[in-house]
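Dear colleague,

I am passing on the structure we spoke of, with the sequence alongside. Could you look it over before you read my notes below?

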Amino acid sequence: MATVIRNPILFPSTSHRPNQNHSNNTFLIFRFPQTSRSSLHSKSRFAFSCSQSEPPPPSPSASPRRRPPYIPNRIPDPSYVRIFDTTLRDGEQSPGASMTSKEKLDVARQLAKLGVDIIEAGFPAASKDDFEAVKMIAQEVGNAVDDDGYVPVICGLSRCNEKDIRTAWEAVKYAKRPRIHTFIATSAIHMEYKLRMSKDKVVDIARNMVKFARSLGCEDVEFSPEDAGRSDREFLYEILGEVIKAGATTLNIPDTVGITMPSEFGKLIADIKANTPGIENVIISTHCQNDLGLSTANTIEGARAGARQLEVTINGIGERAGNASLEEVVMALRCGAHVNGNLYTGINTKHIFLTSRMVEEYTGLQLQPHKALVGANAFAHESGIHQDGMLKHKGTYEIISPEDIGLERTNEAGIVLGKLSGRHALRKRLEELGYELSDDQVQTLFWRFKAVAEQKKRVTDADLRALVSDEVFQAEPVWKLGDLQVTCGTLGLSTATVKLLSSDGSTHVACSVGTGPVDSAYKAVDLIVKLCFSLFLLPYP
């Protein structure tokens with residue numbers, strides 16, 4: 001049976017802030033399976049399935065595929081896709097989503113358990129607190145090497161100027177695998193109105209700042225041409241070629257305003273791969289915003305076109321409409337492996353659900369119930385037709401097992417009872433509660449259940465128990481009230497006439513007087529049933 005509480009803390013938190021605007025929703029408490037840290041990075045160590053109408057060709061999840069060794073500008077396995085998580089940087093830029101340094105460290109630890117390749121821990125030059133948070137993450141999470149040799153890259157963002165880049169390096173240099181991520185805008189509208197710079201000036205700054213980052217001792221430098229989706233292609237090829245020569249190891253192609261269509265973005269990545277000099281010596285990355293709801297689709301298209309690093313956030317949080325969602329991108333790559341070239345990641349999906357809930361709690365950004373994979377309704381079924389299918393075979397309406405993302409449901413088929421539920425779902429839940437009822441009893445109960453469901457959104461287990469007690473297990477009455485007539489007023493004692501029907505069907509009538517209508521009625525009942533009851537007037541509290 002599900003345990004229901006309000007505003008739960010779903011994981012240890014030392015910094016829950018009461019002034020955050022948490023909704024007064026009801027949550028189901030789920031059990032999370034224990035997963036050892038040593039099992040995070042081998043895809044063969046945990047079960048995964050995507051139900052298809054026809055079995056797909058063998059996918060990476062069907063055979064052991066380990067995370068390849070980390071080399072900044074090259075991936076030994078061309079099918080491996082690095083996951084770059086920017087929840088702590090771009091995600092925190094969501095209005096109202098700021099986190100304390102302690103909360104950021106907690107999230108970074110959880111991202112390491114999840115198995116992300118790169119953690120963009122923040123923007124060190126933005127504030128002293130952000131600098132300290134990035135430094136703390138670099139010192140702890142950036143040095144926690146597991147048994148398989150995995151340790152996340154710790155990255156700091158910087159604008160293309162020496163002060164920002166030096167500050168970023170001072171924060172991330174304590175990690176075993178530090179990275180500096182620097183950017184400058186390349187679209188015409190940004191260069192004209194924001195930077196007020198010529199193309200030549202932008203190229204010169206980008207080239208020199210990548211060189212400067214390398215001169216500090218950083219061997220892993222990522223460069224982003226901001227607003228690449230609206231930038232001139234030939235100019236992109238030029239500036240990307242120059243930063244490659246200057247020492248960049250990863251080129252991130254951002255759709256900063258989320259305007260490109262999936263086919264457009266895939267072609268953008270393919271064109272950059274085909275036309276940029278030296279591109280074979282670097283990793284191509286994507287960063288897709290969700291302004292048109294296309295961030296996940298664009299990210300997948302980028303991977304299909306040759307990108308081997310995907311920038312994402314937990315729950316898709318970020319500026320404006322947010323970013324590509326880590327959980328959606330990772331599970332889409334897995335379910336679509338047969339059409340995506342068998343691309344795979346090092347993510348331990350068993351940690352997705354808990355990580356999602358941690359980010360939701362710390363940021364105060366509540367998920368919509370229908371959010372893919374991690375929303376409250378993602379694995380819940382209320383329609384009678386769907387419930388009937390789920391009870392017969394889960395693959396009828398679920399392509400992913402909830403256990404694959406670390407969610408254990410409180411009932412086997414994710415049944416939520418409501419006004420659209422059918423008899424099959426009602427009988428199944430009654431059986432789970434321990435009630436073995438006949439078809440006639442279920443039929444009788446079903447219409448009472450429907451009446452209750454019309455009045456409230458969800459019918460709880462307590463509601464079902466009350467219905468069963470009232471409708472099915474009601475004791476056979478010894479007496480039934482037939483009629484009652486009472487006369488009362490200010491001129492004398494009240495008089496009551498009562499007609500009762502006994503269990504054998506006979507009728508009994510009695511009349512009595514009393515100090516009020518209730519007293520007189522009970523005295524008339526006493527005369528029939530031969531039992532004496534006393535009424536007491538209790539003082540109002």
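What follows is an account of a sheet, a helix, the cores, the cysteines and two loop residues. Please keep in mind throughout that this is a predicted model.

I begin with the C-terminal part of what I looked at, where three strands form an open sheet in the order β11-β12-β13, paired in the antiparallel sense. The edges of this sheet are β11 (479–487) and β13 (507–514), each of which pairs on one side only, and the twist from one strand to the next averages 20°. Between β11 and β12 (residues 494–502) the antiparallel pairing runs over eight bridges, and within β12 it is T497 that serves as the bridge partner of Q485. Helix α15 (residues 517–529) lies across β11, β12 and β13, and runs at about 140° to β13.

One residue of β12 that may be worth displaying is S494, which counts as buried because its relative accessibility is 5%, under the 20% cut-off. Leaving aside residues up to four places away in sequence, S494 touches T487, C488, S512, V513, G514, G516, P517 and S520.

Turning to helix α1, this element covers residues 101–114, and its 14 residues reach 20 Å from the first C-alpha to the last, close to the 20 Å expected at 1.5 Å a residue. Of these 14 residues 11 are buried, so α1 is largely enclosed by the rest of the structure. The buried residues include charged or polar ones by name, among them E103, K104, D106 and Q110, as well as L105, V107, L111 and L114. The elements that cover them include the strands β3 (82–85) and β4 (118–122), together with the helices α2 (128–140), α9 (326–335) and α10 (352–363). After α1 comes G115, whose phi is positive, near 95°.

The cores come next. In soluble globular proteins, nonpolar side chains tend to be buried together. Here the largest nonpolar core has 89 residues, and the members that touch the most others are V116, F223 and L251. V116 touches I83, D85, L111, Y150, P152, L326 and I347, again not counting residues up to four places away in sequence. Apart from this core lies another, of 16 residues, which includes L430, Y435, L437 and L467.

As for the cysteines, how many disulfides does the count come to? With a cut-off of 2.5 Å between sulfur atoms, the count is zero. For C155, the closest cysteine sulfur is that of C218, at 8.5 Å, which is too far for a bond. C155 counts as buried, at 0% relative accessibility, and C160 is buried as well, with a relative accessible area of 12%.

Finally, there are two backbone angles to look at. Most residues other than glycine have a negative phi. D227, however, has a positive phi, near 65°, and sits in the loop between β7 (221–226) and α6 (233–246), where it counts as buried at 0% relative accessibility. R320 also has a positive phi, near 50°, and is found in the loop between β10 (309–312) and α9, but it counts as partly exposed, at 48% relative accessibility.

With best wishes

Conventions
Residues numbered from 1 in each chain as written. Predicted model: local features only at pLDDT ≥ 70, side-chain atom pairs only at ≥ 80, totals over all residues. Heavy atoms only, no water. Pairing = 2+ DSSP bridges. Helix = DSSP H or I, 4+ residues; strand = E, 2+ residues; numbered from the N terminus. Axes fitted to C-alpha atoms, helices over the stretch in contact; angles between N-to-C directions. Contact = heavy atoms within 4.5 Å. Core = buried A, V, L, I, M, F, W, Y, C linked by side-chain atoms within 4.5 Å. Buried < 20%, exposed > 50% of the residue type's maximum accessible area, 1.4 Å probe, protein only. Expected span 1.5 Å × (residues − 1).
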